[in-house]
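The following report describes how the strands and helices of one chain are arranged and how its interior is filled. Please read it alongside the sequence and the coordinates.

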Amino acid sequence: MKSRSEDLVFLLAVVDSGGFSAAAEHLEISVTKVSRAVSRLEKSLNATLLNRTTRQVNLTEEGQAFIAQVRAGLSTLEEAEEALAVRRQKPAGRLRVDAANPFVLHQIVPHVKAFREAYPEIELELTASDRMVDLLEKRIDVAIRIGPLEDSTLHARPMGRSPLSIVGSPDYFREHGRCHTPHDLARHTLIGFTAPESLNLWHVGDGLQIRPAIRASSGEAVRQLCLGGNGLAYLSRFMVGEDVKQGRLVEVLGEHLTRPNPRELVNAVYYRNTTLSARIQVFLDFFSARWQSL
């Protein structure tokens with residue numbers, strides 16, 4: 001684009017007011033600035049837009065054709081700016097959010113109704129991925145990630161912490177006995193993850209790399225196995241907090257767990273070169289208030 005929008009506004013002012021002096025007075029700038037803007041336009045377009053005389057200024061034939069398009073273009077630009085201003089006041093548009101399946105189920109879905117009531121113009125699109133995804137490739141606006149971040153191309157906003165707990169079902173403990181010390185774990189069935197192996201590091205004492213008797217690829221599957229009395233699991237409170245409160249699961253060895261630890265971190269991430277749109281901002285603000293103590 002060869003023409004600057006400010007220069008086009010100055011050109012319109014000259015045409016509408018009938019001269020450079022009147023345009024400068026209307027715009028509250030110097031005549032020289034107006035004259036330079038028009039000259040810059042003519043040079044960039046390689047065309048004479050105005051016939052200048054000592055008494056008046058008239059559009060050339062090329063100028064008449066050009067100014068008609070300029071009026072339409074500036075009008076469209078003004079409408080776009082007004083629409084953007086309205087959207088900022090009332091966020092709208094599609095918002096794609098990605099998180100691990102358990103987090104979507106336990107920490108996003110329960111709040112969607114309240115979020116939609118607050119921001120009805122936002123079209124919320126949720127995807128559940130238990131593994132890291134390429135945000136650009138998958139066209140994700142914001143992703144919720146649990147644990148330490150390694151990708152330096154991401155901008156992260158801390159959203160809270162979710163402590164991890166070792167849990168088992170009442171039926172399991174009735175059959176196999178309770179855990180009173182970390183050494184007791186050796187005689188229990190432990191449920192872990194297929195990948196990554198770092199998820200099978202339990203923060204007990206100096207750290208315990210377990211060898212699970214049962215493995216699953218998703219946290220929700222591990223939770224269901226634990227609820228079914230299959231063994232003990234090490235899961236985030238955002239997944240099992242309600243289960244513990246309702247008595248479906250029982251926490252053990254809480255006093256032996258190392259807290260805080262990096263796996264407790266909950267971050268919202270998006271690419272550093274992403275402009276933080278209003279819909280992303282209100283999403284982060286809304287859910288941050290609900291996730292500070294998961």
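## A helix across the first sheet

In this predicted model, helix α10, which spans residues 278-291, lies across β3, β4, β5, β6 and β14 (265-271), and runs at about 25° to β6. These strands form an open, five-stranded sheet with mixed pairing, in the order β4-β3-β5-β14-β6. Because β4 (122-128) and β6 (154-161) stand at the edges and each has a single partner strand, one side of each is left without a neighbour in the sheet. On average, neighbouring strands of this sheet are turned by 25° against each other, direction ignored.

## Pairing around β5

Strand β3 (residues 93-99) and strand β5 (residues 142-146) run parallel and are joined by two bridges. Within this pairing, V97 has V142 of β5 as its bridge partner, and D98 is partnered by A143 of β5. With β14, by contrast, β5 pairs in the antiparallel sense over four bridges, and the bridge partner of R145 in β14 is N267.

How is β5 placed relative to the rest of the structure? Four of its five residues are buried, so β5 is largely enclosed by the rest of the structure.

## Nonpolar cores

The largest nonpolar core comprises 33 residues, and those with the most contacts inside it are F103, I108, I144, F283, L284 and F287. Helix α10 gives the most to this core, contributing seven residues. If residues up to four places away in sequence are not counted, F287 touches Q107, I108, H111, F115 and M159. Another core, of 17 residues, lies apart from the largest one and includes A23, A24, V34 and L74. As general background, nonpolar side chains tend to be buried together in soluble globular proteins.

## The contact between α5 and α8

Helix α5 (residues 101-108) packs with helix α8 (residues 219-227) at an angle of about 75°, and their axes are 7 Å apart. Since angles of 65 to 115 degrees count as roughly perpendicular, α5 and α8 are therefore roughly perpendicular to each other. On the α5 side the contact is made by N101, P102, L105 and H106, and on the α8 side by G219, E220 and R223. Sorted by class, the contact of α5 with α8 has two nonpolar, three polar and two charged residues.

## The second sheet and its helices

Another five strands form an open sheet, again with mixed pairing, in the order β11-β8-β12-β7-β13. Here β11 (214-216) and β13 (250-252) are the edge strands, each with a single partner strand, so one side of each is left without a neighbour in the sheet. Neighbouring strands of this sheet are turned by 45° against each other on average, direction ignored. Three bridges join β7 to β13, and the two strands run antiparallel; the bridge partner of V167 in β13 is E251. Helix α8 packs on the sheet, where it touches β7, β8 (190-193), β11 and β12, and its direction makes about 170° with that of β8.

Helix α9 lies across β7, β12 and β13 and runs at about 115° to β12. In α9 (residues 237-245), the buried residues are F238, M239, V240 and D243, and these buried residues pack against α5, β5, β7 (164-168), α8 and β12 (232-236). Just after α9, G247 takes a positive phi of about 85°.

Key:
Residues numbered from 1 in each chain as written. Predicted model: local features only at pLDDT ≥ 70, side-chain atom pairs only at ≥ 80, totals over all residues. Heavy atoms only, no water. Pairing = 2+ DSSP bridges. Axes fitted to C-alpha atoms, helices over the stretch in contact; angles between N-to-C directions. Contact = heavy atoms within 4.5 Å. Core = buried A, V, L, I, M, F, W, Y, C linked by side-chain atoms within 4.5 Å. Buried < 20%, exposed > 50% of the residue type's maximum accessible area, 1.4 Å probe, protein only. Parallel < 35°, antiparallel > 145°, perpendicular 65-115°, else oblique. Nonpolar A, V, L, I, M, F, W, Y, C, P; charged D, E, K, R; others polar.
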